[in-house]
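Work through the exercises below with the model open beside you. Try each task before you read its solution.

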There are 2 protein chains.
Amino acid sequence: MIDDEATRSNVIEAADRLFYSRGIQAVGMDAVRNEAGISLKKLYSAFGSKDVLLNEVLHYRGRQWDDGIAAASAAARTPRDKLLAIYDFLNGWFRQDDFRGCAFINSFGELGSISPEIAKAAREQKSSFQRYVSSLVAEAGGPPSLAAQLAILAEGAQTTAAISGTPDAAAHARAAAVTLIDAALPVSGAA
Amino acid sequence: MIDDEATRSNVIEAADRLFYSRGIQAVGMDAVRNEAGISLKKLYSAFGSKDVLLNEVLHYRGRQWDDGIAAASAAARTPRDKLLAIYDFLNGWFRQDDFRGCAFINSFGELGSISPEIAKAAREQKSSFQRYVSSLVAEAGGPPSLAAQLAILAEGAQTTAAISGTPDAAAHARAAAVTLIDAALPVSGAA
DNA sequence: TACACTAGAGAACGTTCGTTCTCAGCGCAA
DNA sequence: TTGCGCTGAGAACGAACGTTCTCTAGTGTA
């Protein structure tokens, strides 16, 4: 079918909305079917099981994150500004109505202990982000430990914003990042 | 009964072990009953429902956390050292075999969106921790923003350690905390 | 018109889970 | 001994869920 791909992404986006907003186990395949507007038969012929669907949803989320970070850093010139753009991206995300924390952290907390696939997906997503931060830090001439610290700030901001219900953590994390970067890099951007 | 209180804490500790290691929805009341070694009838007469039990388990977890932080900071003299003791406490925790991240973050990710009670418990736990950090920072003469930054580091270390499966995040967070404290406090501990 | 084929709607099935109910056994007062 | 209340073990119940099956309506084709 021509719309095979369209059907798949339609289902993935629908499932993502539901899983992210209500949790994975709390959302039945029937709800996914309703949200996507297709039949159960088609749903199961496109994705063999809920596990398979969930895996694709997590990969979709990962791409969304990567795209968001890339877009946010596009306007920044220096590696330092690209690093700080991460926290600006978080700030915008935290302010969205449907923000409910990091989907990978949530999924890991819900099913990481009983589903190796989910644990692996979360681990890969986080290590991919750490590699991204590391490459920017290296480009800026900073030590690897700075990358780990900046990544921890980003993770902490996400859980803090989710649980507290306020976006303040983004600004706090950004300020901390500025301090850490300035302390670690010999010459900051001060003209 | 004399052992009423003993029964309750026995059940709470058993449920805590199971909920923490496998997740909440993945653990049935039957498993709790087996782990606690009591009858279903007694389980339900002591706690009216799984929700009630979960609530008590979360409060128990909160006390455990408070006690752990208090014990870790007991040896420290200055507010600065008490702040850093937080990350030493995390370091020891991350190295335990059964470490699976912060129970409140996990519970929030799993059920926070559909259970206001759990969302509230997580929010209260985190804000209690932030008050603790804030009081130490104030005692040390630091600005409130430093407290927020240090708390974000602690949260980020917990999720990073859980998902990555290594305890390294504790040391990274501690190093970042040292940098942030030294930058925010006029006079550091340098004799 | 007759016929194969497809697809959608939802019934059905088997399992799991939270919670309640039943029943047999036991201690105990009279 | 007899009756009574309590307790534990687990059966039972109703709901929800993942997954499969059935039935029906429609469509294109000869």
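A polar contact is a pair of N or O atoms within 3.5 Å. Keep that cut-off at hand for the second exercise. The model is predicted.

**Exercise 1. Describe the make-up of chain A and its domains.**

Step 1. Count the elements. Chain A has nine helices and zero strands. Read from the N terminus, the order is α-α-α-α-α-α-α-α-α.

Step 2. Take the extent. The C-alpha trace of chain A spans about 60 × 35 × 30 Å along its principal axes.

Step 3. Split the chain. The domain assignment gives domain 1 (1-48) and domain 2 (63-184) in chain A. The centres of these two domains of chain A, taken over C-alpha atoms, are 28 Å apart.

Step 4. Look at where the domains meet. Domain 1 of chain A brings five residues to the contact, and domain 2 of chain A brings nine residues. About 640 Å² is buried between domain 1 and domain 2 of chain A, with 51% of that area from carbon and sulfur atoms. On the domain 1 side, A:Tyr20, A:Ile24 and A:Gln25 lose the most area to domain 2 of chain A. Together they give 84% of what that side buries.

**Exercise 2. Find how the protein meets DNA strand D.**

Step 1. List the surroundings. There are 13 residues around DNA strand D. A:Gly28, A:Met29, A:Tyr44, A:Lys50 and B:Lys41 come nearest. Of the strand D atoms that come within 4 Å of the protein, 50% belong to sugar and phosphate.

Step 2. Sort the residues by type. The surface near DNA strand D holds five nonpolar, three polar and five charged residues.

Step 3. Trace the elements. α3 (40-46) of chain A and α3 (40-46) of chain B each supply at least two residues of this surface. The largest share, three residues, comes from α3(A).

Step 4. Check the phosphates. In the side chain of A:Tyr44, an N or O atom is 2.9 Å from a phosphate oxygen of DNA strand D. For the side chain of A:Lys50, the distance from an N or O atom to a phosphate oxygen of DNA strand D is 2.4 Å.

Step 5. Check the bases. A base oxygen of DNA strand D lies 2.7 Å from a polar side-chain atom of B:Lys41. Compare that distance with the cut-off: a polar contact needs N or O atoms within 3.5 Å.

**Exercise 3. Work out how chain A and chain B are related, and describe their interface.**

Step 1. Start from the general case. Two copies of a chain are related by a rotation about an axis and a shift along it.

Step 2. Put in the values. Chain A superposes on chain B by a rotation of 180° with 0.0 Å of shift along the axis, at an RMSD of 0.0 Å. The two copies are therefore related as by a two-fold rotation axis.

Step 3. Locate the axis. In chain A, the C-alpha of A:Gly156 is nearest to the axis, at 1.7 Å.

Step 4. Compare the contact surfaces. Both copies use the same surface, as 100% of the contact residues of chain A recur in chain B.

Step 5. Describe the interface. 39 residues of chain A are in contact with 39 residues of chain B. The area buried between the chains is about 3100 Å², and carbon and sulfur atoms give 70% of it. In chain A, A:Phe108, A:Ile152 and A:Ile163 lose the most area to chain B. Together they account for 22% of what that side buries.

How values were computed. Residues numbered from 1 in each chain as written. Chains lettered and ligands numbered in written order. Predicted model: local features only at pLDDT ≥ 70, side-chain atom pairs only at ≥ 80, totals over all residues. Heavy atoms only, no water. Near = heavy atom within 4 Å. Polar contact = N/O pair within 3.5 Å; in protein donor to acceptor, adjacent residues only side chain to side chain. Helix = DSSP H or I, 4+ residues; strand = E, 2+ residues; numbered from the N terminus. Nonpolar A, V, L, I, M, F, W, Y, C, P; charged D, E, K, R; others polar. Least-squares fit on C-alpha atoms with pLDDT ≥ 70 in both. Contact = heavy atoms within 4.5 Å. Domains from an automatic or database assignment. Buried area = accessible area lost by both parts, 1.4 Å probe.
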